[in-house]
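Here are some quick notes on this model, jotted down while going through it. Have the viewer open as you read.

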Amino acid sequence: MKAKIFYGAAAVTLICLLSLHRGTLLRADIFYGNKAETEYGKSGIQKKVEKRIFTEGAPGGISASDGTSTNIITITWDQFRNAETYYICRSTAPDGNYTILADTASLSYQDKTPLKNITYYYKVMAGSSVFGKSKMSSYNTGYLGMAIPSGVSASDGAFSNTIQVTWNNVAGAESYYVYRSASQSGSYYDIGNTTSLSYNDPVSRGMIYYYRVKSHSAVFGYSRYSDSDGGYIDYLRPYMLPEMMPIPAVTSFSMGRPDWEVSSNLYEKPVHPVNLNAFSLSRFEITVQQYTYFLNAGSQDSYYIPDMADTVHCGIIKRSDGDYSNVISRAQYPVVYVNWNFANAYCSWLTAKAGSTFLLPTEAQWEYTAAGNAGHMTYPWGNTWTNTNCNWGENGAYDHYVYSAPVGQYSSGTNMFGVYDMAGNVHEWCRDYFLTNYYSVSATNNPECADNTSGLKVFRGGAWSCTNRDDFRSSRRFNGYDPASSANNIGFRIVK
Ligand SMILES: [Ca+2]
Ligand SMILES: [Ca+2]
């Protein structure tokens, strides 16, 4: 096109120059210019340009069908300028020899000769009686049969007793076959089939296994193998498991503030009998280190808030690589800034990890453990307040800590079950919703308040910030707290 424009422009320029002086020549010069375009452009330079475009180019938009038919692979492509015919070329390897299967003047071709479940590579070349052949296009693959399942994913340590393999739906699939290998490039064995989009494989802990999936239907048969993905059931790491103390079953525990205990708190009455099945309670409040294990065990980012980086009260840092580290000196301090939902998520994670159920304690389990089974003790250690038996709000003069203390510092303040820090250090979330009059309507057997009228969750125990010794009584009830809110003096412990 450039040559044509040049000739045209030169002629027009010449005409203009001439017309300034010799107006009578104008018409003849314009005619001459058009003639030059016609004779030299189309038959000469223009044709060379078109030929170069044709022979150095190739058709685009090649697409071959994947598993949409039992006997035909359909190949389509975009129109190529000046093409009169298209040659369809096929190979069984991307860089193999492409042989011409057929030619057609249309923009699609149906290959009826492939075998099932073999990948074919197709390229298209354009042909012209004037210009010859174009180059071959880039390839696109096609095959006969079911589409290959995509998104195959095997779980990494998320479950205590199974590797869960999941994948995306394949249109028309009637079932999926799951294959396993002990090495990624090894032989895969059929381990089962399912009509759903997941498969549980109860293998041994600590080994990595690899999985591939095929889709299947009666008409199409099997797809080819999907990509592989490795998964494992994690070893149960003992350090992740908080130490649990057995608490025996009890009948007719007197829950609520005893008549001989003096307090103005309104919600601790009436004293009512409670029966509890045996359970076990973590010996200490859940630590910064234990919570950090949880944060690092998968996609747990939603259970971290920047407040946790506060090294005075917590000390969990989000690193630039996305993992979490606890400040070493803070490892054994109770984790705080955990809202109720975070604490509950920790329990769910540990349950999946350990294969037995962990929960937050009910308010009744909490109070029974704090008050003991030798009558209802005012404090975990007895009925008399002692300044050095727990971490309370006294600026460190008696208990040596202005803020929280590492868990398990006050052995003289343990209760009869050997559980530490039930009074003081940090408040502890309980499973129940908070209801002011719950003690009037509480069930007798294993009570748990599920009435969410208040929208608040129970927390118990008193904390480093509480200066009033009344707050450390075993029967002390606080007003409940928003389960989505956190504080620098509320942590948790767990029950099994
Ligand atoms: Ca203190
Ligand atoms: Ca505590």
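The points below cover a helix, the nonpolar cores and a small sheet.

1. Bear in mind throughout that this is a predicted model.

2. Let's start with α3, which spans residues 288-295 and is mostly covered, with seven of its eight residues buried. Going through them, you get V288, Q290, Y291, T292, Y293, F294 and L295. As for what sits over these buried residues, the cover includes β21 (316-318), β22 (324-326) and α4 (340-354).

3. Y291 deserves a click. Leaving out residues up to four places away in sequence, Y291 touches I286, I316, V335, V338 and Y346. Y291 is also among the residues with the most contacts inside the largest nonpolar core, a list shared with V338, A343, Y346, L360 and W429.

4. That largest core has 67 residues. Elements giving two or more residues to this core include β19 (272-276), β20 (279-282), α3, α4 and α5 (363-371), and also β23 (427-433), α6 (438-441) and β24 (457-460). The most comes from α4, with seven residues. There is also a second, separate core of 22 residues, which includes A64, V124, A126 and L144.

5. Now for the sheet: three strands make an open one in the order β1-β2-β5, with antiparallel pairing. β1 (63-64) and β5 (108-111) are at the edges with a single partner strand each, so one side of each lacks a neighbour in the sheet.

6. Where β1 meets β2 (residues 73-76), two bridges join the antiparallel strands. To find the spot, look for S63, which stands opposite T76 in β2.

Notes: Residues are numbered from 1 along each chain as its sequence is written. Chains are lettered from A and ligands numbered from 1 in the order in which they are written. This is a predicted model: local features need pLDDT of at least 70, side-chain atom pairs count only at pLDDT 80 or more; totals for chains, interfaces and linings use all residues. A residue is buried if 20 or more other C-beta atoms lie within 10 Å of its own, exposed if 12 or fewer, and partly exposed in between; C-beta atoms are placed from the backbone. Helices (H or I, at least four residues) and strands (E, at least two) are DSSP runs, numbered from the N terminus. Two residues are in contact if their C-beta atoms, placed from the backbone, lie within 7 Å. A nonpolar core is a set of buried Ala, Val, Leu, Ile, Met, Phe, Trp, Tyr and Cys residues joined through C-beta atoms within 7 Å. Two strands pair if DSSP finds at least two bridges between them.
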